[in-house]
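Here are some exercises to work through with the model open beside you. Try each task before you read its solution.

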Amino acid sequence: MSEYLIKNGHVFDPVQGIKGDKKDIAIKDGKIVDKVSSDAKVIDAKGRTVMAGAVEIHAHIAGPKVNMGRIYRPEDKLFSCTPTKGMERMGGGYSIPTTFKTGYEYAKMGYTTAMEAAMPPLFSRHVHEEIRDTPIIDEGAFPVFGNNWFVMEYLKNNEIENTAAYVAWLLRATKGYAVKLVNPGGTEAWAWGLNCLSVNDPVPYFDITPAEIIKGLIEANEFLGLPHSIHIHPNNLGNPGNYTTTLDTLKLAEGYKAKNKFGREQVMHLTHAQFHSYGGETWANFESKAKEITDYVNRNKNITIDTGNVTLDETTTMTADGPFEHHLTELNHLKWANIDVELETGSGVVPYIYSPNISVCAIQWAIGLELALMTKDSMRCFITTDHPNAGPFTRYPRVIKWLMSAKAREAQINAFKHKDKVLSASSIGSLDREITLYELAQMTRAGPAKSLGLTHICGGLKPGMDADVVVYDFNPEKPVASPDLIEKAFSRAAHVFKNGVEVVQNGEIVSNGNKRTLWVDAKVKENPQVMRDINDKFLKFYSMTQANYEALGHHFIPNPLAIEVDATQV
Amino acid sequence: METVTITMKNQPALYLEADNVSPDVFAGKTAAQIADLHVFEGNAKGKLGAYFDVNGNAGATAADTRIVVKGDVKKVKYLGMKMSAGEVVVEGSTDQYAGAWMSGGKMVVRGNAEAFAATAMKGGELVIEGNAGNYLGAAYRGDWRGMSGGKILVKGNAGSDVGMYMLGGEIAINGNVDVHVATHAEGGRVIIKGNAKSKIGGQLVDGEIIIFGSIDVMMPGFKYVDDKELEVDGAKAKFAHYIGDTGERHKKRKGQMIYGNLYKKI
């Protein structure tokens, strides 16, 4: 493989504590190395910013729910198609781009690893076929566990070891990466036309509460020592006053300590916190509770969060939170799709327009930014848009602009129709913090990599790590003439290397790389009871046989990277 | 106003996508520059000048530009697409999406226009002297935002799904229409001088449908209220007034439910 030397760039790498020093980064055989031979190809990064490849911790980019959006929103592709060009295959779609466009767009912004946030286990084969067809970026997928019949039955009797054995089995069967919970218990309740709006609402039939599911899955997760913690979309998403439910959820992690060999410190990752930080009783007195949420997060080191920034675009909401999507279609009257996944989960899809002329949308915009600006430790708060729920991931450069420039935020606030309402319902107007490039590298690289237990692979530029390196046309030594230049620089990287292969040059795709599928291979002691239970459920309830369930082999996982954990000695 | 005349000289083998034929694109260009604009035949990109003779330079702005399309353009799509001002005159019949997404100016089709004419039209005027195809002034596939402003006049008949998801503006049809009129509409007005078939105003939230001829099958969700005298095109006539679609959601104004209105001439 070829050698590269990225010379004289301003390097930002929280893994090594490098804060913009002029440094050379050497690449050999796909890894970052100390030095390279004189044959190395030299990339001049003088006056430019150099960072590791960015890590996406939460986006809906592959699988049946995303595809449902693609199928039922042909209008999302209208005027957004890109023809075949050089290395690129044709692509299309704005909020729900095709798989190819997804890979290209991430790579062009300097993202080299991404996590699909909600994989319905029954459809893991579909998820992996789409991951396979998304070029360049390494991807993993989180199977959903929060409404799973096995999990609820084991946890009702507090059987942690059985839950862990089932989690290990499902991660292997679906080639999953982490334990995801979406509206725990609530989506199952939705099958009865009900919901769980607090952590103590009982799930019908199963007679278990969301709190018991959450605590049980934390214990099972730490029993196994998985690289990532549980990754939770709490109950009561998107409703005024829901911040108390969010605090109740976060408090369930108290007393738990992370047990793993990956350096991960948190036991719970709260995702798209913006949708869970709402005060008020109705949409009329809706307000931000970002302060209450970040106060708690700042005090408790065993939590990480991502923001879920609203980008003020027309988008497509999609979540395994089936009852929420029904609630949303009742609000905006736009088309609704609902899917039930037998024994496991469900989902819904509804288009949504975040209009700057609607005060609620503008306050949501403010909350997302407040969360990022009020969290003190940038290693524990990551930038997402919960793509495509709060906005398309292609808007990350704009979110970065708002975070790095108080002037850009002020300009947006002044453009809101209900500016006064936004200022009185949030504290966005009084925040003068501007995220530094070092903090940005924490929020988009080192932080999410650590939270995912991938510190040994990505998110940094330490010799030995994968050579995921990005050069941005952004000079940290010069004052920024206009905030729009920040957005421009982070939209299209000058150079992107993925595993030591140059994949982007001057914002254009030059190689389709050699993408990998990340999954977690957890070994547990033999557990005949759980194996029998799985067999029973397939015989009694599943509409497919167990032999057709597993995502297996070259067709689904052509280039796997298994992260191994051994829980046989626990 | 300057006139640019484009005349079909080489018929495309496949359908031609000519969304560049609009006063907004032509404005400020010479005949040679216009001939250099691109068109698509299937997935092959070609030049407008390879299919059309181009005569005359455009005006400085769209409003100063008049385009006359001559020859057989029955296999040409997207004429006048997204135009905001000026004039387009198609002397014969044309294919789909004539005047789609137009927001101003005037477009005249002397012959027939195929389906999706004036898709999601926002303003301006479209006159079709022959017949219109299906989905006239409707929303794009999957979209919920149909025609929201402007005026469409069809001197002949129109196909099915006229004004689907219509939000505003006016569609007048001198002849007959096929099934589905103003389905899901939330505003605007559809006038049909001839006869209508069935599914008139299905899921109508708001808006107005006026029918001078017969309706084969009335939607069950419409309720007769009273007889009303209306003035349409300067002539007064008496109509049976129905409200609906009663099976659909409706907005409330001052505590009163606002229904869509259907008027059928007595």
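The exercises below go from one whole chain to a sheet, a residue and a pair of domains.

This is a predicted model, in which local features need pLDDT of at least 70 and side-chain atom pairs count only at pLDDT 80 or more, while totals for chains, interfaces and linings use all residues. Residues are numbered from 1 along each chain as its sequence is written, and chains are lettered from A and ligands numbered from 1 in the order in which they are written.

**Exercise 1. Describe the overall build of chain B.**

Step 1: chain B has three helices and 19 strands, where helices (H or I, at least four residues) and strands (E, at least two) are DSSP runs numbered from the N terminus.
Step 2: its radius of gyration is 20 Å, close to the 18 Å from the globule rule for 266 residues, so chain B is as compact as a globular protein of that length. The radius is taken over C-alpha atoms, and the rule is 2.2 Å times the number of residues to the power 0.38.
Step 3: along the principal axes, the C-alpha atoms fill a box of roughly 60 × 35 × 35 Å.

**Exercise 2. Find the edges of the open sheet S4-S3-S2-S7 in chain B.**

Step 1: note that the pairing in this four-strand sheet is mixed; two strands pair if DSSP finds at least two bridges between them.
Step 2: S4 (44-47) and S7 (76-77) of chain B each have a single partner strand, so one side of each is left without a neighbour in the sheet.
Step 3: look inside the sheet, where S2 (residues 16-17) and S3 (residues 38-41) of chain B pair in the antiparallel sense over two bridges. Leu16(B) stands opposite Glu41(B) in S3(B).

**Exercise 3. Is Ile363(A) buried or exposed?**

Step 1: locate Ile363(A) in helix H11 (residues 359-374) of chain A.
Step 2: apply the cut-offs: buried means 20 or more other C-beta atoms within 10 Å, exposed 12 or fewer, and partly exposed in between, with C-beta atoms placed from the backbone.
Step 3: Ile363(A) counts as buried because it has 27 C-beta neighbours inside 10 Å.

**Exercise 4. Which element gives the largest share of the side of domain 1 of chain A that touches domain 2 of chain A?**

Step 1: domain 1 of chain A covers 3-51 + 458-509 and domain 2 covers 52-451, with bounds from an automatic or database domain assignment.
Step 2: 31 residues of domain 1 of chain A are in contact with 32 residues of domain 2 of chain A, contact meaning C-beta atoms, placed from the backbone, within 7 Å.
Step 3: the largest share of that side of domain 1, five residues, comes from H16(A).

Key:
Contact = placed C-beta atoms within 7 Å.
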